[in-house]
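The following note sets out points for a colleague who is examining the structure. The points are numbered for ease of reference.

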Amino acid sequence: MRVTGHANGEATEAGLRAQVREFLAAHDPATMGRLEFVRARFDAGLAWVHYPAGLGGQGLSRTLQKVVDAEFAAASAPTNRPERNGIGLGMAAPTILAFGTDEQKRRWLRPLWTGEEIWCQLFSEPGAGSDLANLATRAVRDGDRWVVSGQKVWTSSAHIASRAMLVTRTDPDQPKHKGLTYFGLDMKAPGIEVRPLRQATGEAEFNEVFLTDVVVPDADRIGAVGQGWAVSTATLMNERVALGAFTFPREGGMIGVSAATWRQRPELRTPGLHERLLRLWAAAEVSRLAGERLRQQLAAGQPGPEGSGAKLVFARLNQEIADFQVELLGTEGLSYGDWTMHRPDGADYYGRDAGYRFLRSKGNSIEGGTSEILRNIIAERVLGLPPEIRLDKDKPWKDLPR
Amino acid sequence: MTQHVSDRAAAAQPAAVAAEAGDAIRLPDMIYSEQEAELRSAVRSVLDDLAPFEAVLARTETAQTYDMALWKTLAADIGCAGLLIPEALGGAGASFREAAVVAEELGRSVAPVPYLGSAVLATVALLSALEVGGSGEADQPGSGPAAELLTELAAGTATAALAVPFASMPGAGLEPTVRIGPAEPHDAVGTYRLSGSVPAVADALPAGALLVHADGVPPGLFAVRADAAGLTRAPVVSLDMTRQLCDLTLANVPAARLTAGRQAELTVAAALRAGAAMLAAEQLGLADRALEITLAYVKQRYQFARPVGSFQAVKHRLADWWVAVTQARAASRYAAACLADASDDAAVAVALAKAACSDTALLAGQEMIQLHGGIGFTWEHPGHLFLKRAKSTSIGLGTADRHRASLARLADLPPPGY
């Protein structure tokens with residue numbers, strides 16, 4: 001069923017609220033275990049209402065999800081802890097829904113949504129960063145199973161994940177984009193070694209994953225053999241949808257920290273820093289307005305290509321503001337909170353010191369598409385400029401220089 | 001049309017950050033409405049027909065640098081002159097959102113018409129004077145010199161200019177360089193005499209009336225007829241000849257008072273602020289069109305047996321330029337919306353818009369020439385028209401630097417020593 005008319009939408013909203021209340025009457029969050037509760041919520045089609053019936057949803061509009069979430073939140077019901085499985089919920093689930101078999105959808109989506117199975121993403125390799133399609137991790141078919149060997153890198157959550165989106169090379173004789181195949185890998189399979197990847201900030205948000213003769217059943221292949229590039233692209237498109245969809249107040253970003261320091265610490269002010277602060281404040285505020293304008297366009301059904309530029313601006317601004325803050329602090333900027341190796345849940349832009357932000361923000365123009373690749377994307381897809389002259393598109397992957 | 005005269009933003013400035021932070025997510029509509037799109041298309045079609053670049057360029061070397069035939073079409077047929085003027089005075093009663101769309105189109109074509117000076121600066125000053133009154137001459141609403149002049153402007157039969165240096169910064173202290181002198185014995189009641197000079201005034205050359213802020217006891221804002229005895233307008237050989245400036249000299253020129261004292265200052269300040277926002281919209285249009293023209297060129301220009309637009313060194317500059325335009329558009333739309341709604345955040349919004357759009361217009365002017373290579377540096381190519389308009393507008397009504405500096409007070413980011 002699809003919600004089309006406004007009145008229909010309102011009826012569905014009321015219906016959904018009634019469903020949640022009915023569900024809560026039958027499943028008291030106070031007496032049930034958390035896991036038992038969220039499993040029952042999935043089975044009742046109240047997990048993600050835009051997913052199909054039988055897979056945690058009811059085939060409704062995605063915009064109705066907030067109605068359900070609000071009802072559950074109002075009842076102080078336990079959640080599926082979405083913050084622990086952002087990659088699974090945001091990227092793996094839509095990929096499975098689009099390309100998975102019925103059996104895979106039944107097997108994987110429920111534990112993914114309930115948080116029983118955390119997913120990670122085994123895409124980048126030491127030799128395949130911006131040029132992801134150059135990846136070299138090999139999967140060799142052996143009857144109804146595949147044997148996988150290679151090295152993946154920059155994998156967040158690999159140390160807690162039970163499944164991974166894995167893209168491999170299955171046919172080196174094909175051109176690079178054609179010989180790839182995608183799997184849902186069991187991270188507990190023998191031959192998988194996860195090592196923390198210590199970064200410039202001192203800790204390890206990410207991992208390196210070494211795969212040595214790992215056996216993957218063919219039943220865990222997502223999409224056809226050789227279709228891995230199309231499946232990967234779908235995963236990455238969902239990454240872009242997930243980014244930059246939030247709204248925040250003036251000085252709500254990192255510039256707020258600097259503005260507060262500036263106001264509280266007049267002894268730190270210099271003319272040069274003042275000029276820089278005003279520049280950064282203005283740029284941060286304009287980029288906030290641009291983000292809001294983009295959301296207004298989307299809401300009005302006039303999707304513009306402006307989103308492609310938002311990450312580019314965000315990365316540059318974050319770096320400049322963090323750089324400014326260290327300099328503003330002077331002596332304090334010369335110290336650093338903690339260099340010891342540990343495993344944080346993710347980047348922490350507001351809980352830590354200026355030195356950390358200075359270093360961590362350097363990753364912003366690399367992760368999720370380097371600024372150079374984003375400029376290519378804008379130039380080619382938004383501005384319609386001719387693509388790069390490619391030397392690697394038609395040759396067999398095995399014959400490419402590397 | 002209370003938005004024209006409101007200087008509430010000035011009064012509420014120190015609280016700008018706190019006020020915004022509390023209710024930050026509810027930002028005004030920044031997208032273009034259907035009516036705005038229709039207005040845009042009407043203006044663009046006139047400009048495409050009557051203001052091709054060759055004609056704009058050729059006119060810069062004639063005695064009549066303003067294209068008043070084009071202006072009459074825009075003013076009378078499309079109604080651009082009276083957008084901000086209430087319907088009771090023959091205008092369209094539209095808002096700064098629509099006025100900004102027209103400014104964008106004029107920036108796109110670098111057309112030599114006195115829209116900014118007459119339909120924005122002078123119009124907003126007159127509307128403001130009308131609202132605050134203070135001249136003692138308006139017996140009833142809709143009469144008096146301000147209303148009469150507005151009616152003429154709306155009809156497109158005359159244009160007016162605000163006699164301030166084009167580089168004036170909104171919100172900066174006003175120091176009139178014209179003084180009120182004693183009336184002459186034969187003068188009619190209500191006639192004042194002004195003497196002094198104002199350099200580098202925009203859109204005054206074709207104007208039928210000049211609005212002059214003059215010092216005295218009390219100071220006031222006055223209307224001076226362009227043919228008044230003692231008034232001279234000396235054309236300036238301007239950096240941007242598509243908006244030729246002139247130096248005004250007044251020697252005992254008869255004038256009618258529009259408003260006096262503090263109200264006169266507020267009137268000029270409101271006009272300058274609105275002018276800066278509309279000039280930002282003009283810069284946005286300029287940057288957008290320059291990008292369009294440059295994109296088309298790099299797609300068809302071949303060197304090394306490939307389009308120059310396929311080289312990353314070129315593509316990345318264009319991508320950055322496009323990003324700058326999208327950011328400038330948000331700032332410009334926000335400023336227009338804040339002025340239209342008489343928002344308390346208008347002062348911040350205008351400073352952000354003029355800073356962002358000035359930088360973007362300059363980038364556009366420079367990149368347009370660079371990415372065209374040799375042809376872009378020739379007189380026959382419109383690149384220099386865009387560059388000159390970009391540079392002059394980046395000084396006009398406050399540089400990016402001065403607007404950012406104004407945020408020190410508006411956003412409570414004080415300089416060292418405070």
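1. Helix H5 of chain B has a side turned away from its buried residues, and the exposed residues Ala69(B) and Asp77(B) sit on that outward face. The model is a predicted one. On the buried side of H5(B), which spans residues 68–78, are Leu70(B), Trp71(B), Leu74(B) and Ala75(B). Viewed down the helix axis, these buried residues fall within an arc of 125°, so they line one face of H5(B). Helix H3 (34–50) of chain B is included in what covers the buried residues of H5(B). Just after H5(B) comes Gly79(B), with a positive phi of about 85°.

2. Helix H2 of chain A, residues 34–43, can be read in a similar way. Its residues Phe37(A), Val38(A), Arg41(A) and Phe42(A) are buried. The arc that they cover around the axis is only 135°, which puts them on the same side of H2(A). The charged residue Arg41(A) is thus listed with Phe37(A), Val38(A) and Phe42(A) as buried. A positive phi of about 75° is found at Gly45(A), just after H2(A).

3. Next, the overall form of chain A. Its secondary structure consists of 11 helices and eight strands. The radius of gyration is 23 Å, close to the 21 Å that the globule rule gives for 402 residues, so chain A is as compact as a globular protein of that length. The C-alpha trace of chain A spans about 70 × 60 × 45 Å along its principal axes. Of the 402 residues of this chain, 38% count as buried. Among contacts in chain A with a separation of 6 or more, 70% are between residues 24 or more positions apart.

4. Chain B may be described in the same terms. It has 13 helices and nine strands. A compact globule of 418 residues would have a radius of gyration near 22 Å, and the 21 Å of chain B agrees with this. Along the principal axes, the C-alpha trace of chain B spans about 80 × 55 × 45 Å. Buried residues make up 58% of the 418 residues in chain B. Of the contacts in chain B between residues at least 6 apart in sequence, 77% join residues at least 24 apart.

5. Which parts of chain A touch chain B? The contact involves 41 residues of chain A and 40 residues of chain B. On the chain A side, helices H7 (254–264), H8, H9 (307–329) and H11 (371–382) each supply at least two residues. The largest share, 16 residues, comes from H8(A). By class, the residues on this side of chain A divide into 21 nonpolar, nine polar and 11 charged.

6. One helix pair across the two chains merits separate comment. The axes of H8 (residues 271–299) of chain A and H11 (residues 346–372) of chain B come within 10 Å and cross at roughly 95°. That crossing angle makes H8(A) roughly perpendicular to H11(B). In this pair, Ala282(A), Glu285(A) and Val286(A) of H8(A) meet Leu352(B), Ala355(B) and Ala356(B) of H11(B). The contact has five nonpolar, no polar and one charged residues.

7. Gly355(A) lies in helix H10 (residues 354–360) of chain A. Is this residue buried or exposed? Gly355(A) counts as buried, because it has 22 C-beta neighbours inside 10 Å. Leaving aside residues up to four places away in sequence, Gly355(A) touches Val326(A), Gly333(A), Tyr336(A) and Gly337(A). The C-alpha atom of Gly355(A) is separated by 7.9 Å from that of Ala322(A), which is 33 residues away along the chain.

8. Some backbone features deserve inspection. Most residues other than glycine have a negative phi, and most peptide bonds are trans. Asp213(A), in strand S7 (residues 206–217) of chain A, has a positive phi of about 50° although it is not a glycine. With 10 other C-beta atoms within 10 Å, Asp213(A) is exposed. Asp412(B), in the segment after helix H13 (400–410) of chain B, has a positive phi of about 55° and is likewise not a glycine. Asp412(B) counts as partly exposed, with 16 C-beta neighbours inside 10 Å.

9. Finally, a cis peptide bond joins Val217(B) and Pro218(B), with omega about -5°. Pro218(B) is found in the loop between strand S4 (209–214) and strand S5 (220–225) of chain B.

Note on methods
Residues are numbered from 1 along each chain as its sequence is written. Chains are lettered from A and ligands numbered from 1 in the order in which they are written. This is a predicted model: local features need pLDDT of at least 70, side-chain atom pairs count only at pLDDT 80 or more; totals for chains, interfaces and linings use all residues. A residue is buried if 20 or more other C-beta atoms lie within 10 Å of its own, exposed if 12 or fewer, and partly exposed in between; C-beta atoms are placed from the backbone. Helices (H or I, at least four residues) and strands (E, at least two) are DSSP runs, numbered from the N terminus. The arc is that of the directions from the helix axis to the C-beta atoms. Axes are lines fitted to C-alpha atoms, for helices over the stretch in contact, and angles run from 0 to 180 degrees between N-to-C directions. Angles under 35 degrees count as roughly parallel, over 145 as roughly antiparallel, 65 to 115 as roughly perpendicular and the rest as oblique. Two residues are in contact if their C-beta atoms, placed from the backbone, lie within 7 Å. The radius of gyration is taken over C-alpha atoms; the globule rule is 2.2 Å times the number of residues to the power 0.38.
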